Amino acid sequence: HQQQTLEPARVENLLPERCTCGCRDFDGQPLHPFHTHQHIELPPIQLDITRYVLNQCKCPRCGKSVKAQLPAEVQTGYGPRLSAFIAELSGIKAMSRADVQSLCASVLGLPIATGTIQKIVDRASAALAPAYQKIAGVARGAQVNYVDETCWFKEHDLKWLWAMVNDQVALYRIDDHRSKQAFQDLVQYWNGILVSDGYGVYKHW
(Lines give C-alpha, C1' and ligand atoms only; values in the text may rest on other atoms or scores of the structure.)
Protein backbone atom coordinates (compact mmCIF):
# COMPACT_ATOMS: atom_id res chain seq x y z
CA HIS A 1 0.00 0.00 0.00
CA GLN A 2 1.09 3.58 -0.62
CA GLN A 3 0.79 4.36 3.10
CA GLN A 4 3.55 1.87 3.92
CA THR A 5 6.10 4.04 2.08
CA LEU A 6 5.61 6.93 4.53
CA GLU A 7 8.25 7.36 7.22
CA PRO A 8 6.69 7.13 10.68
CA ALA A 9 7.47 9.61 13.45
CA ARG A 10 7.24 6.76 15.99
CA VAL A 11 6.56 3.03 16.09
CA GLU A 12 4.28 1.33 18.63
CA ASN A 13 4.85 -2.41 19.16
CA LEU A 14 1.59 -4.05 20.25
CA LEU A 15 1.79 -7.28 22.24
CA PRO A 16 -0.83 -10.05 22.48
CA GLU A 17 -3.07 -9.62 25.54
CA ARG A 18 -5.04 -12.84 25.73
CA CYS A 19 -5.23 -16.17 23.91
CA THR A 20 -8.57 -17.78 23.10
CA CYS A 21 -7.69 -20.43 25.64
CA GLY A 22 -7.57 -17.79 28.34
CA CYS A 23 -3.78 -17.60 28.74
CA ARG A 24 -2.35 -14.11 29.39
CA ASP A 25 1.25 -15.03 30.24
CA PHE A 26 3.46 -14.65 27.15
CA ASP A 27 6.73 -13.68 28.87
CA GLY A 28 9.75 -15.14 27.12
CA GLN A 29 7.86 -16.01 23.94
CA PRO A 30 9.57 -14.79 20.72
CA LEU A 31 7.59 -12.09 18.93
CA HIS A 32 6.93 -12.19 15.19
CA PRO A 33 5.31 -9.17 13.45
CA PHE A 34 2.39 -10.32 11.26
CA HIS A 35 0.79 -7.04 10.20
CA THR A 36 1.59 -3.31 10.10
CA HIS A 37 -1.14 -0.72 10.46
CA GLN A 38 -0.42 2.96 9.79
CA HIS A 39 -2.44 5.77 11.39
CA ILE A 40 -1.97 9.24 9.87
CA GLU A 41 -2.93 12.54 11.45
CA LEU A 42 -2.17 16.21 10.96
CA PRO A 43 -0.34 17.85 13.84
CA PRO A 44 -1.98 20.94 15.35
CA ILE A 45 -1.28 23.79 12.92
CA GLN A 46 0.45 26.64 14.71
CA LEU A 47 1.46 29.64 12.63
CA ASP A 48 5.09 30.66 13.05
CA ILE A 49 4.71 34.39 13.72
CA THR A 50 7.62 36.74 14.30
CA ARG A 51 6.79 40.26 15.41
CA TYR A 52 9.37 42.86 14.43
CA VAL A 53 9.43 45.92 16.65
CA LEU A 54 11.20 48.79 14.90
CA ASN A 55 12.95 51.15 17.25
CA GLN A 56 14.44 54.59 16.81
CA CYS A 57 16.89 56.71 18.72
CA LYS A 58 18.89 59.89 18.35
CA CYS A 59 22.34 59.77 16.83
CA PRO A 60 24.85 60.67 19.56
CA ARG A 61 27.03 62.46 17.01
CA CYS A 62 24.60 64.67 15.04
CA GLY A 63 21.36 64.39 17.00
CA LYS A 64 19.27 63.13 14.05
CA SER A 65 16.60 60.51 14.59
CA VAL A 66 17.75 57.08 13.38
CA LYS A 67 15.13 54.38 12.63
CA ALA A 68 15.48 50.62 12.33
CA GLN A 69 14.74 49.05 8.94
CA LEU A 70 12.92 45.82 8.20
CA PRO A 71 15.01 43.04 6.60
CA ALA A 72 14.12 42.79 2.92
CA GLU A 73 13.06 39.13 3.19
CA VAL A 74 10.24 39.87 5.64
CA GLN A 75 8.85 43.08 4.19
CA THR A 76 5.86 41.42 2.52
CA GLY A 77 4.69 39.99 5.85
CA TYR A 78 4.22 36.46 4.46
CA GLY A 79 6.97 33.83 4.27
CA PRO A 80 7.87 31.68 1.25
CA ARG A 81 6.13 28.46 2.42
CA LEU A 82 2.87 30.21 3.27
CA SER A 83 3.06 32.20 0.03
CA ALA A 84 3.67 29.03 -1.99
CA PHE A 85 0.71 27.33 -0.30
CA ILE A 86 -1.62 30.24 -1.12
CA ALA A 87 -0.27 30.45 -4.68
CA GLU A 88 -0.86 26.73 -5.26
CA LEU A 89 -4.43 26.92 -3.98
CA SER A 90 -5.12 29.94 -6.20
CA GLY A 91 -3.23 28.74 -9.27
CA ILE A 92 -2.89 24.99 -9.60
CA LYS A 93 -6.06 24.23 -7.63
CA ALA A 94 -7.92 27.17 -9.25
CA MET A 95 -9.65 28.19 -6.01
CA SER A 96 -11.29 31.60 -5.91
CA ARG A 97 -9.72 34.30 -3.76
CA ALA A 98 -12.74 34.11 -1.44
CA ASP A 99 -12.37 30.32 -1.07
CA VAL A 100 -8.65 30.67 -0.28
CA GLN A 101 -9.52 33.36 2.25
CA SER A 102 -12.08 31.05 3.88
CA LEU A 103 -9.69 28.08 3.99
CA CYS A 104 -6.89 30.17 5.53
CA ALA A 105 -9.27 31.33 8.24
CA SER A 106 -10.83 27.92 9.01
CA VAL A 107 -7.74 25.68 8.73
CA LEU A 108 -4.82 27.98 9.54
CA GLY A 109 -6.59 30.49 11.78
CA LEU A 110 -5.20 33.19 9.50
CA PRO A 111 -7.36 36.21 8.67
CA ILE A 112 -6.24 37.51 5.27
CA ALA A 113 -7.79 39.93 2.77
CA THR A 114 -8.53 38.84 -0.80
CA GLY A 115 -6.43 41.76 -2.00
CA THR A 116 -3.48 40.42 -0.02
CA ILE A 117 -4.02 36.99 -1.57
CA GLN A 118 -3.87 38.59 -5.01
CA LYS A 119 -0.58 40.31 -4.15
CA ILE A 120 0.87 36.98 -3.04
CA VAL A 121 -0.27 35.36 -6.29
CA ASP A 122 1.28 38.21 -8.30
CA ARG A 123 4.61 37.80 -6.50
CA ALA A 124 4.54 34.04 -7.09
CA SER A 125 3.81 34.60 -10.78
CA ALA A 126 6.77 36.97 -11.05
CA ALA A 127 9.01 34.45 -9.29
CA LEU A 128 7.91 31.67 -11.67
CA ALA A 129 8.37 33.76 -14.82
CA PRO A 130 11.99 32.64 -15.52
CA ALA A 131 10.99 28.97 -15.19
CA TYR A 132 8.01 29.54 -17.47
CA GLN A 133 10.25 31.16 -20.10
CA LYS A 134 12.66 28.23 -19.89
CA ILE A 135 9.79 25.78 -20.42
CA ALA A 136 8.63 27.87 -23.39
CA GLY A 137 12.13 27.74 -24.89
CA VAL A 138 12.26 23.95 -24.61
CA ALA A 139 8.79 23.59 -26.14
CA ARG A 140 9.55 25.92 -29.06
CA GLY A 141 12.86 24.18 -29.68
CA ALA A 142 11.40 20.67 -29.98
CA GLN A 143 11.10 18.83 -33.29
CA VAL A 144 7.59 17.56 -32.52
CA ASN A 145 4.79 19.11 -30.45
CA TYR A 146 1.21 18.18 -29.67
CA VAL A 147 -0.96 21.32 -29.67
CA ASP A 148 -4.53 21.62 -28.42
CA GLU A 149 -6.92 24.13 -26.86
CA THR A 150 -9.90 23.93 -24.54
CA CYS A 151 -12.29 26.28 -22.83
CA TRP A 152 -11.10 27.79 -19.55
CA PHE A 153 -13.20 29.89 -17.21
CA LYS A 154 -11.41 32.66 -15.37
CA GLU A 155 -13.58 34.55 -12.87
CA HIS A 156 -16.67 33.34 -14.79
CA ASP A 157 -15.34 34.72 -18.10
CA LEU A 158 -14.74 32.28 -20.94
CA LYS A 159 -11.08 32.06 -21.92
CA TRP A 160 -9.08 29.48 -23.83
CA LEU A 161 -6.32 27.30 -22.45
CA TRP A 162 -3.74 26.45 -25.11
CA ALA A 163 -1.24 23.62 -24.65
CA MET A 164 2.00 22.84 -26.47
CA VAL A 165 3.31 19.48 -25.28
CA ASN A 166 6.22 17.18 -26.08
CA ASP A 167 8.08 14.40 -24.26
CA GLN A 168 10.03 16.93 -22.17
CA VAL A 169 7.69 19.77 -21.21
CA ALA A 170 4.11 21.03 -21.34
CA LEU A 171 3.67 24.72 -22.09
CA TYR A 172 0.31 26.29 -21.23
CA ARG A 173 -1.04 29.69 -22.19
CA ILE A 174 -4.42 31.30 -21.42
CA ASP A 175 -5.83 33.53 -24.15
CA ASP A 176 -9.03 35.47 -24.62
CA HIS A 177 -9.55 33.89 -28.03
CA ARG A 178 -9.58 30.60 -29.89
CA SER A 179 -8.01 32.07 -33.00
CA LYS A 180 -5.10 31.91 -35.40
CA GLN A 181 -3.43 34.78 -33.55
CA ALA A 182 -3.79 32.98 -30.21
CA PHE A 183 -2.21 29.90 -31.79
CA GLN A 184 0.62 32.01 -33.16
CA ASP A 185 1.19 33.64 -29.77
CA LEU A 186 1.60 30.14 -28.32
CA VAL A 187 4.02 28.66 -30.86
CA GLN A 188 5.80 31.92 -31.89
CA TYR A 189 8.97 31.00 -33.83
CA TRP A 190 8.51 27.23 -33.65
CA ASN A 191 8.31 25.42 -37.01
CA GLY A 192 8.49 21.70 -36.22
CA ILE A 193 6.09 18.80 -36.74
CA LEU A 194 2.61 19.54 -35.38
CA VAL A 195 0.32 16.81 -34.02
CA SER A 196 -3.26 18.05 -33.60
CA ASP A 197 -6.95 17.18 -33.75
CA GLY A 198 -7.43 18.95 -37.07
CA TYR A 199 -8.94 22.20 -35.76
CA GLY A 200 -9.03 24.87 -38.47
CA VAL A 201 -6.08 26.97 -37.30
CA TYR A 202 -3.78 23.93 -37.58
CA LYS A 203 -4.79 22.75 -41.06
CA HIS A 204 -2.37 24.93 -43.02
CA TRP A 205 0.68 24.21 -40.84
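These legends describe close-up views of a predicted model.

**View 1. Helix α1 crosses helix α2.** Helix α1 covers residues 80-90, and helix α2 covers residues 97-108. Their axes come within 10 Å. The crossing angle is roughly 135 degrees. That angle makes α1 oblique to α2, because it falls outside the ranges that count as roughly perpendicular, 65 to 115, or roughly antiparallel, over 145. The crossing of α1 with α2 is right-handed. From α1, the contact uses Leu82, Phe85, Ile86, Leu89 and Ser90. From α2, it uses Arg97, Val100, Leu103, Cys104 and Leu108. By class, the residues of this contact are eight nonpolar, one polar and one charged.

**View 2. Helix α1 meets helix α3.** The axes of α1 and α3 come within 9 Å of each other. They cross at roughly 95 degrees. The two helices are therefore roughly perpendicular. On the α1 side, Ser83, Ile86, Ala87 and Ser90 make the contact. On the α3 side, Ile117, Ile120, Val121 and Ala124 do so. Six of these residues are nonpolar and two are polar, with no charged residue in the contact.

**View 3. Helix α2 meets helix α3.** Here too the axes come within 9 Å, and α2 and α3 cross at roughly 105 degrees. That makes α2 roughly perpendicular to α3. Which residues of α2 meet α3? They are Arg97, Ala98, Val100 and Gln101. Their partners in α3 are Thr114, Ile117, Gln118 and Val121. The contact of α2 with α3 has four nonpolar, three polar and one charged residues.

**View 4. Two nonpolar cores.** The largest nonpolar core holds 15 residues. Within this core, Val147, Trp162, Met164, Phe183 and Leu186 touch the most other members. Helix α3 (114-140), strand β4 (157-165) and helix α4 (180-187) each supply at least two residues. Helix α4 gives the most, with four residues. Another core, of 10 residues, lies apart from the largest one. Its members include Ile86, Val100, Cys104 and Leu110. Ile86, Val100 and Cys104 also take part in the contact of α1 with α2.

**View 5. Ala163 in strand β4.** Ala163 sits in strand β4. Is Ala163 buried or exposed? Its relative accessible area is 14%, so Ala163 is buried, the cut-off being under 20%. Beyond its neighbours within four places in sequence, Ala163 is in contact with Tyr146, Val147 and Asp148, and also with Leu171, Tyr172 and Leu186. Val147 and Leu186 are among the residues that touch the most other members of the largest nonpolar core. Val201 is 38 residues from Ala163 in sequence. In space, their C-alpha atoms are 14 Å apart.

**View 6. Two residues with positive phi.** Ala94 is not a glycine, yet its phi is positive, at about 55 degrees. Ala94 lies in the loop between α1 and α2. With 53% relative accessibility, Ala94 is exposed. Gln188 also has a positive phi of about 55 degrees, and is not a glycine either. Gln188 belongs to the loop between α4 and β6 (193-195). Its relative accessible area is 40%, so Gln188 is partly exposed.

**View 7. Asn55 ahead of strand β1.** Asn55 is in the segment before β1 (56-58). Its relative accessibility is 53%, so Asn55 counts as exposed. What does Asn55 touch, not counting residues up to four places away in sequence? Its contacts are Val66, Lys67 and Ala68. Asn55 and Lys67 are 12 residues apart along the chain. Their C-alpha atoms are separated by 6.0 Å.

**View 8. Val107 in helix α2.** Val107 is part of helix α2. Val107 has a relative accessible area of 45% and is partly exposed. Ile45 is 62 residues away from Val107 along the chain. The C-alpha atoms of Val107 and Ile45 are separated by 7.9 Å.

Definitions and conventions. Residues are numbered from 1 along each chain as its sequence is written. This is a predicted model: local features need pLDDT of at least 70, side-chain atom pairs count only at pLDDT 80 or more; totals for chains, interfaces and linings use all residues. Side-chain values use heavy atoms; hydrogens and water are left out. Axes are lines fitted to C-alpha atoms, for helices over the stretch in contact, and angles run from 0 to 180 degrees between N-to-C directions. Angles under 35 degrees count as roughly parallel, over 145 as roughly antiparallel, 65 to 115 as roughly perpendicular and the rest as oblique. A crossing is left-handed if the near helix is turned anticlockwise from the far one by less than a right angle, and right-handed if clockwise. Contact means heavy atoms within 4.5 Å. Ala, Val, Leu, Ile, Met, Phe, Trp, Tyr, Cys and Pro count as nonpolar, Asp, Glu, Lys and Arg as charged, and the others, Gly among them, as polar. A nonpolar core is a set of buried Ala, Val, Leu, Ile, Met, Phe, Trp, Tyr and Cys residues joined through side-chain atoms within 4.5 Å. Buried means under 20% relative accessible area, exposed over 50%, partly exposed in between (1.4 Å probe, protein chains only).
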